[in-house]
Amino acid sequence: MRILIIGSEGMLGHDLVDILSADNEVSTTTIDTLDITDIDKTIQTVNEVKPDVLVHAAAYTDVDGSESNSDLAYKVNAIGTRNVAVACQKADCALVYICTDYVFDGTKGSSYYEYDQTNPLSVYGKTKLAGEIYIRDILNKFYITRTSWLYGFHGPNFVTTMLNLAETNDVISVVNDQIGSPTYTVDLANAIAKLITKPNYGIYHITNSDHCSWYEYAKEIFNNAGVNINLKPVTTEEFPRPAFRPKYSVLENYNWIMEGFPKIRSYKMALKDYMKLL
Ligand SMILES: NC(=O)c1ccc[n+]([C@@H]2O[C@H](COP(=O)([O-])OP(=O)(O)OC[C@H]3O[C@@H](n4cnc5c(N)ncnc54)[C@H](OP(=O)(O)O)[C@@H]3O)[C@@H](O)[C@H]2O)c1
């Protein structure tokens, strides 16, 4: 297949390029070669490549920064995604969009299915959901993959932040009342590579299995690293951030399993593999 990856220099984008290149003819763009907020350039670029599948991994991903930069977040995540969708429609290619657990408000109290009601709490979540809605309105051939708590080799993430903090702090406070599923970009990229081999379009929740709080996640990181540190569990109220986050945003990988794909491994196993290579 011919695949165009937009946002190829991002944390997930890098792994998508590596993994999808194994069996496909891959072209890439970065923010320097294609700014997705430019609709004409986006249409022109997609038309030149004429991909079978376009993987859109570009986004304004600063969750807290989106609260004070809401116009920019909307311009990239909503309008930019609309532009990509229009370009796909004109080039008649399928689109993969990466969305987030932050489209949910976290009040359900159990894991979210693909068909559950969305209700984002943050500007970031709202703009990513607006991107989803544009895609659903414009295209027939799309895979919307919602994922959560990404970490990987090609970008700063919670694992590297914790390890860096441990170098200069004896005590680290970590939120213990937000629950989700940490997801390894390599595992997500491999899942996307499988997903696009069939025209089973729709919304997919794709995360590593099992779940934890940020505090439990940090404990796992320091156990793996063999680092002794005083970890202090705190509440969201004790550790306020500009953006509200859902308290419980575990994503049931329901459509993925219904389509016959194998359950994705536990976040604990994925994290061990990642940290061995750090
Ligand atoms: N990270 C997470 O925990 C997480 C969780 C759930 C879903 N997601 C979603 O997963 C996808 C990949 O996330 P990631 O963590 O890999 O993000 P990332 O590392 O921040 O990569 C995003 C890429 O998009 C580029 N970009 C920003 N504005 C652009 C524009 N106007 N035109 C073209 N490119 C632009 C960025 O360039 P610059 O770096 O130069 O700005 C960056 O290379 C995103 O859609 C994100 O919303 C992420």
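Guide: Before we begin, one term: two strands pair if DSSP finds at least two bridges between them. Helices (H or I, at least four residues) and strands (E, at least two) are DSSP runs, numbered from the N terminus.

Visitor: What kind of model is this, and how are residues numbered?

Guide: This is a predicted model, in which local features need pLDDT of at least 70 and side-chain atom pairs count only at pLDDT 80 or more, while totals for chains, interfaces and linings use all residues. Residues are numbered from 1 along each chain as its sequence is written.

Visitor: Which strand is joined to strand 1?

Guide: Strand 1 (residues 2-6) is joined by four bridges to strand 3 (residues 53-56), and the two run parallel. Within strand 3, Val53 stands opposite Ile3.

Visitor: In what order do the strands of the sheet lie?

Guide: The order is 2-1-3-4-5-10, six strands in an open sheet with parallel pairing. Strand 2 (25-29) and strand 10 (202-205) are the edge strands, each pairing on one side only.

Visitor: Turning to the ligand, how many residues surround it?

Guide: The ligand is surrounded by 26 residues, a residue being near if its C-beta atom, placed from the backbone, lies within 6 Å. The closest are Gly10, Met11, Leu12, Ala58 and Ala59.

Visitor: Which element gives the most to that shell?

Guide: Helix 1 does, with three residues. Helix 1 (11-20), helix 4 (70-91) and strand 4 (94-100) each supply at least two.
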